[in-house]
Amino acid sequence: MPFWAQILAGLVLGVLLGWLARSQDLSWLVTTLEKIGGTFIGLLKLAVAPLVFFAILVSITNLRKVNNAARLASRTLLWFMITSLIAVTIGIAIGLVTNPGAGTGLTPEDGGEPKTTGSWLDFLTGIVPTDVITPFTELNVLQIVFMAAVAGIAALQLGEKAQPILTLSESVLELLQKALWWVIRLAPLGTVGLIGNAIATYGWDLIGKYATFTADVYVGCAIVLFGVYPALLAGVAKANPLQFFRGAWPAIQLAFVSRSSVGTMPLTQKVTERLGVPREYASFAVPFGATTKMDGCAAIYPAIAAIFVAQIFDIQLGVGDYLLIAFVSVVGSAATAGLTGATVMLTLTLSTLGLPMEGVGLLLAIDPILDMMRTATNVAGQALVPVLVSAREGLLDRQAYDTAHGSPVEEPEREPEQVPVAA
């Protein structure tokens, strides 16, 4: 049974069980669905900290095998910023046209101060850890990325002396990916629990209150996913957009279910390589993107959410405020750090605009439903940019791209090492 069919079956079954649990008030079924979904997410998060550390470390050291590594890295970052700017512009435009906060019946009193907040000071000072243990125990992905980057650059400077550490790191990374692939195979079962629990807990009434806002986020993500990305593929990479989705679809659908860019990272890297991106470059671009490239969570969502909160609190936003939203989305997207949810990014945006933090409390209830589409958009962008850069630099294997397929999930196979030659 194809993996996409298993996911689809899990979605349908989850909706049915969630509706049954809510309509019949079956508390035991709600608890069961919650435990199934929570266990699946817990297994994904279990590997996040070591996976991010070793993936970033190995990806940086792998750049030594690539010609024009600095050029590839800078082009990757540039395209991350370009696509984020496009996404946030679309989010602002949709918010201005639809007025998502109007007619909801919500008031400022319905909100509450979020438990987790972010500010520019927290963001900048929070990058550097005070010790090497806490980032792993508290799952501070941004600090883990910082330590991994420092270790990777130091390994490059040491050269052959660091080879034993690099060999160990590569082995540990393969071990973690092997274990994570077993978790990925449980995604259909996790889908039943996550979707079912969302329906049973929140029901359709809550979605109705946030109907315009929910539709805005989904439509905005869909425009980026199925409009902007295909246009970039056709215009920049001179590649068939349908072929991209055929190859990348397994990662996109897993992202939709798991709501974790980092948890989807091994699969994202596999589909990116399957689309013809050289392994040495993909092993850098994908982990880098999984922790910083967030078109859904860090661009579309905070733009629409800021407009929503401003309307609920009857605050007028000006041109300068919209420019600030764009700035935060392009520069601060690393704050999301590839974890489930985008609360920190939203609080960063609201605090920059001077909007009340209680607005975050208005959106927390609906967040799991929004996060599915946001994360799917994130992961699609994380696979897209390496394809664009590889095509522009003459590194893309066009034959592999044209024959890429969306086969069921497979464990990554070891292939002979190939060193790409820059054009």
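This report walks through the predicted model shown above, from the whole chain down to single residues.

## The chain as a whole

Let's start with the big picture. The protein chain contains 19 helices and 0 strands. It has 423 residues, and 56% of them count as buried.

How do parts of the chain that lie apart in the sequence come together? Among contacts with a separation of 6 or more, 85% are between residues 24 or more positions apart. On the outside, the protein chain exposes about 17,500 Å², with carbon and sulfur atoms supplying 64% of that area.

## A nonpolar patch

Now look at the beginning of the chain. Leu-8, Val-12 and Leu-16 make a nonpolar surface patch of about 270 Å². One of these residues, Leu-16, belongs to helix 1, which covers residues 3-23.

## Helix 14, with a kink

Helix 14 is worth a closer look. It runs over residues 296-312, and at 1.5 Å a residue its 17 residues should span 24 Å; the C-alpha atoms at its ends are 22 Å apart, which agrees. Where is the kink in helix 14 centred? Find Pro-302: the helix bends there by about 35°.

Is this helix enclosed or open? Of its 17 residues, 16 are buried, so helix 14 is largely enclosed by the rest of the structure. After helix 14 comes Asp-314, which has a positive phi, near 55°.

## Salt bridges

Next come the charged side chains. The whole structure holds 7 salt bridges. One of them joins the side chains of Glu-393 and Arg-71, with 2.7 Å from N to O. This pair links distant parts of the chain, as its two members are 322 residues apart. Glu-393 sits in the loop between helix 18 (367-392) and helix 19 (398-402), while Arg-71 is in helix 4 (residues 69-98).

Are the two partners buried or exposed? Glu-393 has a relative accessibility of 8%, and because buried means under 20%, Glu-393 counts as buried. Arg-71 has 38%, so it counts as partly exposed, the class between 20% and 50%.

Another salt bridge connects Asp-295 and Lys-293, whose closest N and O atoms are 2.9 Å apart. Asp-295 has a relative accessibility of 0% and so counts as buried. Lys-293 is buried too, with a relative accessible area of 0%.

A third example pairs Asp-367 with Arg-374, and here the closest N and O atoms are 3.1 Å apart. Both Asp-367 and Arg-374 are buried. These two residues also take part in a wider arrangement: Arg-259, Asp-367, Asp-371 and Arg-374 are linked in a network of salt bridges.

## Thr-32 and Asn-197

Our last stop is a pair of residues to find in the structure. Thr-32 lies in helix 2, which covers residues 27-46. With a relative accessible area of 36%, Thr-32 is partly exposed.

How many residues separate Thr-32 from Asn-197 along the chain? They are 165 residues apart in that sense, and their C-alpha atoms are separated by 8.6 Å. Try locating both in the sequence, then in the 3D view.

Methods. Residues are numbered from 1 along each chain as its sequence is written. This is a predicted model: local features need pLDDT of at least 70, side-chain atom pairs count only at pLDDT 80 or more; totals for chains, interfaces and linings use all residues. Side-chain values use heavy atoms; hydrogens and water are left out. Helices (H or I, at least four residues) and strands (E, at least two) are DSSP runs, numbered from the N terminus. The expected span of a helix is 1.5 Å times one less than its number of residues. The bend at a residue is the angle between axes fitted to the seven residues ending there and the seven starting there. Buried means under 20% relative accessible area, exposed over 50%, partly exposed in between (1.4 Å probe, protein chains only). Contact means heavy atoms within 4.5 Å. Accessible areas come from the Shrake-Rupley method with a 1.4 Å probe; for residues, only the protein chains shown count as cover. Patches are made of residues with over 30% relative accessible area and no salt bridge: like charges are joined within 9 Å, nonpolar side chains (Val, Leu, Ile, Met, Phe, Trp, Tyr) within 5 Å. A salt bridge is a side-chain nitrogen of Lys or Arg within 4 Å of a carboxyl oxygen of Asp or Glu.
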